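Visitor: I would like a close look at one part of this model, namely the empty space that the protein encloses or borders. Please take me through it in one connected account.

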Amino acid sequence: MRVLSGIQPSGNLHIGNYFGMMKRMIEYQADHELFCFIVNFHALTSTFDAERLRRQTYDAICDFLALGLDPEKSVFWVQSDVPEVTEATWYLSNITGMGLLERCHSYKDKLAKGIPASHGLFSYPVLMAADILLYGADRVPVGKDQKQHVEVARDIAIRFNNTYGQIFTIPEADIDTNLATIPGLDGQKMSKSYGNTIEIFIDEASLKQKIMSIKTDSTPVNEPKPIEGNVLFDLYSLFLDEAGREALKDRFLTPGLKYGELKKELFGVIWEYFEPYRAKRQQIASQPDYIRQVMQAGAEKARAVATQYLEKMRHLVGTDYLRK
Ligand code: ADP
Ligand code: TRP
């Protein structure tokens, strides 16, 4: 079973990314064939500052490695180090109907957020389909918001297979159904582009300040607190097991709970949770030669798989005109 997913280096990675995708990816490497990459081509749809893109790509690599992604056990690379994916995107583009892309919510959401409407942003799901198909992925762990994009990749794969020949595996989205979209500080989806994130690697004072700013309702202290749609409850729950979550529920339902105190407690829990990874991250980030070596090796492994598919694609579409 081949598991593949990517993440955009479009800002500092946050706990929505961690619980929605990164943690599950890292767990998969123990008993699956894992392909994990930093999708810097995709980030170009919203990042127009080269220095920033370079820095964020480097940071995302360090985050993954510090959190436990093992480049020996998995294939870990940066998307642009295997540029063949853009050629595959073109082949796929020509069998992708406009209607399929016009239906994508993510495009409309991004325009609403102020990201400029561009051809790149519109055709983003085709590049993502190439990312998935070129590596023969069976399963794609993503947060709920990416479900539609994986469905688009499936549609494109089926269309290509039917038009030219059966070469692509039909991928499946792998969404943790117990995990709703993780809310940000303001209650909207936690997202780099909403400025409502809790970064995984953040200094202590900033973390405290962020947690204290979590939006809460004005239920009086001596009344039970609502659980449904309560951002503080949802964020705290991420760090608890089933029993812990039940106990937290009881605390919410018992009059007397003070949101301010619970926020201080949550700050402590988050700080401690990521404690073991912080030192490791610092150590990794200070070794650019090691990072270079790891990423080159990762790209080689990824390219070996991608070129096999790409050669078949070239043959099926007919761009290999010298081949007999
Ligand atoms: P962002 O919205 O911050 O730019 P991305 O779109 O780069 O995040 O998402 C990277 C991965 O993290 C995707 O698999 C996505 O589904 C997941 N993810 C992002 N934000 C959340 C969230 N708030 N809750 C759950 N998963 C999320
Ligand atoms: N579109 C995904 C996101 O914004 C990132 C992505 C690009 C991806 N290519 C992928 C995810 C391939 C899974 C598989 O989160």
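Visitor: By class, how many nonpolar, polar and charged residues does the lining of the largest pocket have?

Guide: The model is a predicted one, and in it the lining of the largest pocket has 17 nonpolar, 20 polar and eleven charged residues. That pocket has a volume of about 1100 Å³, and of the 48 residues that line it, Gln8, Asn17, Asp145, Gln146 and Lys189 lie nearest its centre. Strand E1 (2-7), helix H1 (15-28) and the helices H6 and H7 each supply at least two residues of this lining, with H1 giving the most, namely five residues.

Helix H1 also leads on to the second largest pocket, since together with helix H10 (231-237) and helix H11 (242-253) it is among the elements that each supply at least two residues of that lining. Here the space comes to about 670 Å³, and the lining consists of 25 residues, with Asn178, Leu179, Ser237, Leu238 and Arg245 lying nearest the centre. By class, eleven of the lining residues are nonpolar, four are polar and ten are charged. Both domain 1 (2-180 + 287-317) and domain 2 (202-273) contribute to the second largest pocket, each with at least three residues of the lining.

Turning from pockets to cavities, the count comes to two of 30 Å³ or more. The largest cavity, with a volume of about 40 Å³, is lined by Cys104, Ser106, Tyr107, Lys110, Leu121, Phe122, Tyr124, Pro125 and His149. Helix H6 (105-112) and helix H7 (119-133) are the elements that give two or more residues to this lining, and H7 gives the most, with four residues. By class, the lining of the largest cavity has six nonpolar, two polar and one charged residues.

For the second largest cavity the volume is likewise given as about 40 Å³, and the residues that line it are Ile15, Glu199, Ile200, Ile202, Leu207, Ile270, Trp271, Phe274 and Arg278. Seven of these count as nonpolar, none as polar and two as charged.

One single residue may round off the account. Serine 191 sits in the loop between strand E5 (172-174) and helix H9 (204-212), where its relative accessible area of 7% lies under the 20% cut-off, so serine 191 counts as buried. Leaving aside residues up to four places away in sequence, serine 191 touches His14, Lys113, Asn196 and Thr197.

Note on methods. Residues are numbered from 1 along each chain as its sequence is written. Chains are lettered from A and ligands numbered from 1 in the order in which they are written. This is a predicted model: local features need pLDDT of at least 70, side-chain atom pairs count only at pLDDT 80 or more; totals for chains, interfaces and linings use all residues. Side-chain values use heavy atoms; hydrogens and water are left out. Buried means under 20% relative accessible area, exposed over 50%, partly exposed in between (1.4 Å probe, protein chains only). Contact means heavy atoms within 4.5 Å. On a 1 Å grid over the protein atoms alone, a cavity is a set of points where a 1.4 Å probe fits but cannot get out, and a pocket is an open set with protein on both sides within 12 Å along at least five of seven lines; lining residues have an atom within 4 Å of a point. Grid points are joined across faces, edges and corners, and a volume is the space filled by probe spheres set on the points. Ala, Val, Leu, Ile, Met, Phe, Trp, Tyr, Cys and Pro count as nonpolar, Asp, Glu, Lys and Arg as charged, and the others, Gly among them, as polar. Domain bounds come from an automatic or database domain assignment.
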